[in-house]
Amino acid sequence: MDHNSGAILVLSGPSGAGKSTLLKEVINDIGECYFSISTTTRQIREGESNGVDYHFISTKEFQADIDDGMFLEYALVHGNYYGTSLKPVRKALKAAKLVIFDIDVQGNEIISKRLGDISTSVFISPPTLNELKTRLKGRKTDTEDVIVARLEMAKQEIQRISEYDYLIINDELKTAANRLKVIAQAARLKFADNEIDEFKQKWEDID
Ligand code: ADP
Ligand code: 5GP
């Protein structure tokens, strides 16, 4: 039996840890992927585009989507809602793609409960809090206040690393990218519970 169903790769970690940078490094080496574009109620930032970085909607629209059961998971992060739409994820999984999420620790908790048999989770961290500060400053996308808030948030997120399958310390970029590549390739090889049942049934068939 071929293993041909899709799989999920969850990436979490403090803002500024290097998740987008690492993903860009490996995206061409990990086969067919679908990067899940989340929906959020937060304000669009300079340089972002609607439908590319996020689907930006109002709180009222978000609430209606919750009521309609549109989200695989959603969470309140820094006072704004963020959610993963179910439909495109289902479609990508059916097409045997590796579905990649950049979601927070609350989102990972839900995904691992709902779809743990086909998901692999990775926490990406900079080597130190100090280095995170340097990177956030260097990225030049956040004000001083926002950076202070992100560092506080990072201290809390780090406490939940043990909930993840893997920790990648993004110190030397090439080394970290290589690790992410290996993990993404292995994530695809995970067998879903139903595939295991199917295999066991067929395995006992005698001509
Ligand atoms: P995230 O997507 O996790 O918020 P980014 O990918 O935007 O983080 O990275 C934050 C900043 O850190 C960017 O300016 C990026 O160029 C830089 N960066 C990422 N990885 C490294 C690394 N290994 N060493 C030094 N700088 C890095
Ligand atoms: P930012 O506003 O900086 O883009 O993202 C803030 C946080 O929200 C990050 O930790 C990011 O991983 C998380 N996030 C983005 N999209 C989602 C989502 O769909 N679900 C959850 N649970 N978290 C998300």
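How do the residues of the shell around ligand 1 divide into nonpolar, polar and charged? In this predicted model, three of them are nonpolar, six are polar and four are charged. The legends below take ligand 1, ligand 2 and the pocket in turn.

**Figure 1. The shell of residues around ligand 1.** Ligand 1 has 13 residues around it, and those that come nearest are Gly 16, Lys 19, Ser 20, Thr 21 and Asn 170. Two helices, α1 (19-26) and α5 (129-139), each supply at least two residues of this shell. The largest share, three residues, is that of α1.

**Figure 2. Polar contacts of ligand 1 with Lys 19, Thr 21 and Arg 139.** At Lys 19 the partner is a polar backbone atom, 2.8 Å from an oxygen atom of ligand 1. At Thr 21 the partner belongs to the side chain: one of its N or O atoms is 2.5 Å from an oxygen atom of the ligand. The side chain of Arg 139 likewise places an N or O atom 2.9 Å from an oxygen atom of ligand 1. On its own, ligand 1 has 570 Å² of accessible area, of which the protein covers 74%.

**Figure 3. The shell of residues around ligand 2.** The residues around ligand 2 number 15. Ser 38, Arg 42, Tyr 54, Glu 73 and Tyr 82 come nearest. Strands β5 and β6 each give at least two residues to this shell. By residue class, the shell holds five nonpolar, four polar and six charged residues.

**Figure 4. Polar contacts of ligand 2 with Ser 38, Arg 42 and Thr 84.** A polar side-chain atom of Ser 38 is found 2.7 Å from an oxygen atom of ligand 2. For Arg 42, an N or O atom of the side chain is 2.7 Å from an oxygen atom of the ligand. Thr 84 has a polar side-chain atom 3.3 Å from an oxygen atom of ligand 2. The accessible area of ligand 2 on its own is 510 Å², and the protein covers 93% of this area.

**Figure 5. The largest pocket, which holds ligand 1 and ligand 2.** The space taken by ligand 1 is this pocket, and the space taken by ligand 2 is the largest pocket as well. Its volume is about 1,400 Å³. Among the 47 lining residues, Lys 19, Ser 20, Tyr 54, Asp 102 and Arg 139 are the closest to the centre of the pocket. Of these, Lys 19 and Ser 20 are also among the residues that come nearest to ligand 1, while Tyr 54 is one of those that come nearest to ligand 2.

**Figure 6. Elements that line the largest pocket.** Two or more lining residues come from each of β1 (7-12), α1, β5 (71-77), β6 (80-85), α5 and α6 (144-158). Helix α1 gives the largest share of the lining, five residues. The lining as a whole divides into 15 nonpolar, 16 polar and 16 charged residues.

Note on methods: Residues numbered from 1 in each chain as written. Chains lettered and ligands numbered in written order. Predicted model: local features only at pLDDT ≥ 70, side-chain atom pairs only at ≥ 80, totals over all residues. Heavy atoms only, no water. Near = heavy atom within 4 Å. Polar contact = N/O pair within 3.5 Å; in protein donor to acceptor, adjacent residues only side chain to side chain. Areas by Shrake-Rupley, 256 points an atom, 1.4 Å probe, with all protein chains shown as cover. 1 Å grid on protein atoms, 1.4 Å probe; cavity = no way out; pocket = protein on both sides within 12 Å on 5 of 7 lines; lining within 4 Å. Sits in = over half its atoms within 2 Å of the grid points. Helix = DSSP H or I, 4+ residues; strand = E, 2+ residues; numbered from the N terminus. Nonpolar A, V, L, I, M, F, W, Y, C, P; charged D, E, K, R; others polar. Points joined across faces, edges and corners; volume = space filled by probe spheres on them.
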